[in-house]
Amino acid sequence: ATVFLEFWKRRRAVLTYDWDLIDWEDEEEELRPQFEAKYSQVERVNPITGKPEPFQPFPDKLSRLMVSVSGIFFMISLVLTAVFAVVVYRLVAMEQFASFKWYFIKKYWQFATSGTGVCINFMIIMSLNVVYEKVAYLLTDLEHPRTESEWENSFALKMFLFQFVNLNSSIFYIAFFLGRFAGRPGKYNKLFNRWRLEECHPSGCLIDLCLQMGVIMVLKQMWNNFMELGYPLLQNWWSRRKMKRRGQSMENKISLPQWEKDWNLQPMNLHGLMDEYLEMVLQFGFTTIFVAAFPLAPLLALLNNIIEIRLDAYKFVTQWRRPMPARATDIGIWYGILEGIGVLAVITNAFVIAITSDYIPRFVYAYRYGPCTDQGYRQEKCLKGYVNSSLSVFDLSELGMGYSGYCRYRDYRAPPWSSTPYEFTLQFWHVLAARLAFIIVFEHLVFGIKSFIAYLIPDIPKDLCDRMRREKYLVQEMMYEAELEHLQRERKKNGKQYHHEWP
């Protein structure tokens, strides 16, 4: 992620130079008509241009910003409510599938629960996305941004927050909360004192996390490609069909000119590029934030982007009208969002490896409790007995239902015959300490590598830097020659001698 962002900065510098936007500043942007209409009665002198312009008072700006932030938090809470509803569904479905009459469903009830939960969660995600866009438009217009770039940055940040929380909240739940508070046999925690909290698959939570990410990522990419190409195709087909009917009824066999055919194509959304950026940024999050749990994500993203490049080219050339161009020196707020995702990815992957996976428990067992203790980890035989060590014992007679014997469950608790039954063992605290230590070491190590890579890669290529310095030198030479010529003309005209000529 760091290498990608650093090389993007170099590419951006080349593009900015090629399009002659090095010295173009946002102050050259025109004010939005809505801003001028709203604050035309209040003016102040622009400290840069020295001209009076409409001005938004700070109390008004702060109050509108507070309303906007409140709306953002309300929508995020709506997302979390939807995630909670899916969690409740999984608890109810788990109970139903476990007692299903069909043996196949009854045997694989955990996969059936996870699969149906993911599909329902995806439908909720796509439904809420429509609401989010309208709310983001409303909140951004309520803020009355000064320029178009400020409007786009504000709108982009809201859309990213909404969709990021919408897409990843269920994934964060599975990665860090699923099965953590389920309790133990004989003392299970229940939701509303009715449904037992869901536990991870016996093979671990990574299976559920991988399934959740795979389904959401594949279905979302398919849906996005359909909406970007399939939907305009259907609209244009319907438009041509109506035109043919109209032409036949008017008995007009004359073919339409090309400009009219182009006009009948689908207009690009005023902020259509925002959707492209948002899709790529969310995909960047999928390929970095949980890549330790779903290593297939970068390959799926690469295949999707190869296909989407061609689909976008076909869409822009044949299905959409030509978009209106606009100046920009960079990608705006999106670069800051990408850097934030890179930082979040380091933290999240550290927690996934330490908490969600079995890497740390295996590591502690191999070096502290396994057959290779105090000998160093040499081969797979050092993990012999790991599964038995990771299981605790429960006395079935404590249920009071006529059962006898013992059952095993995944946890590090003392057996029922010990002096402190069902209390956490020393191995539990060793594993917990190792997990915390791994998170700290991993984060500092990777952040150090990130900073070192960013330092090694210059933001501007050397040849471009030389060209820019050469241009600056030539401009200074031209200014010197022009000023010298001007002074010589003045000398000839006035017949005066200049003793303090520049330079």
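Where is Tyr 422 found? Tyr 422 is in the loop between strand 8 (406–410) and helix 14 (426–456). The model described here is predicted.

**Two residues with positive phi**

Tyr 422 is not a glycine, yet its phi is positive, near 65°. With a relative accessible area of 6%, Tyr 422 is buried, because buried means under 20%. The ring of Tyr 422 also has a charge over it: the charged end of Arg 184 sits there, 4.2 Å from the ring centre.

Asp 20 is another residue other than glycine with a positive phi, in this case about 60°. Asp 20 lies in the loop between helix 1 (2–18) and helix 2 (33–38). Is Asp 20 buried or exposed? Its relative accessibility is 66%, so Asp 20 counts as exposed, the cut-off for exposed being over 50%.

**The nonpolar cores**

The largest nonpolar core has 58 residues, and Phe 160, Leu 209, Phe 290 and Trp 334 are the ones that touch the most other members. At least two residues of this core come from each of helix 3 (58–98), helix 5 (109–143), helix 6 (148–176), helix 7 (205–249), helix 9 (272–288), helix 10 (297–319) and helix 11 (334–356). Which helix gives the most to this core? Helix 6 does, with 14 residues.

Leu 209 shows what such contacts look like in one place. Leaving aside residues up to four places away in sequence, Leu 209 touches Ile 171, Ile 174, Ala 175, Phe 290 and Ala 293. A second core, separate from the one above, has 15 residues, among them Ala 350, Ile 360, Tyr 365 and Cys 372. In soluble globular proteins, nonpolar side chains tend to be buried together.

**Around Glu 199**

Glu 199 is placed in the loop between strand 6 (195–196) and helix 7. Its relative accessibility of 29% counts as partly exposed. Apart from residues up to four places away in sequence, Glu 199 touches Gln 110, Gly 179, Ala 182 and Tyr 188. From Glu 199 to Gly 115 the distance is 15 Å, C-alpha to C-alpha, and the two are 84 residues apart in sequence.

**Aromatic pairs**

How many aromatic pairs does a search of the whole structure find? The search finds 25. Two of them are set out below.

| Pair | Centre to centre | Angle between planes | Type |
|---|---|---|---|
| Tyr 359 and Phe 438 | 6.0 Å | 55° | tilted |
| Phe 363 and Tyr 367 | 4.8 Å | 40° | tilted |

The pair of Tyr 359 and Phe 438 links distant parts of the chain, with Tyr 359 in helix 12 (residues 359–369), Phe 438 in helix 14, and their positions 79 residues apart. Phe 363 and Tyr 367, on the other hand, both lie in helix 12, 4 residues apart, which is about one turn of the helix.

Three of these rings belong to partly exposed residues: Tyr 359 has a relative accessibility of 44%, Phe 363 has 40% and Tyr 367 has 41%. Ring pairs join Tyr 359, Phe 363, Tyr 367, Phe 438 and Phe 442 into a cluster.

A charge over a ring also occurs at Tyr 369, where Arg 368 lies over the face, at 5.3 Å from the ring centre.

Definitions and conventions:
Residues numbered from 1 in each chain as written. Predicted model: local features only at pLDDT ≥ 70, side-chain atom pairs only at ≥ 80, totals over all residues. Heavy atoms only, no water. Buried < 20%, exposed > 50% of the residue type's maximum accessible area, 1.4 Å probe, protein only. Core = buried A, V, L, I, M, F, W, Y, C linked by side-chain atoms within 4.5 Å. Contact = heavy atoms within 4.5 Å. Phe/Tyr/Trp six-rings, centres within 6.5 Å; stacked < 30°, edge-to-face > 60°. Lys NZ or Arg CZ within 6 Å of the ring centre and 35° of its normal.
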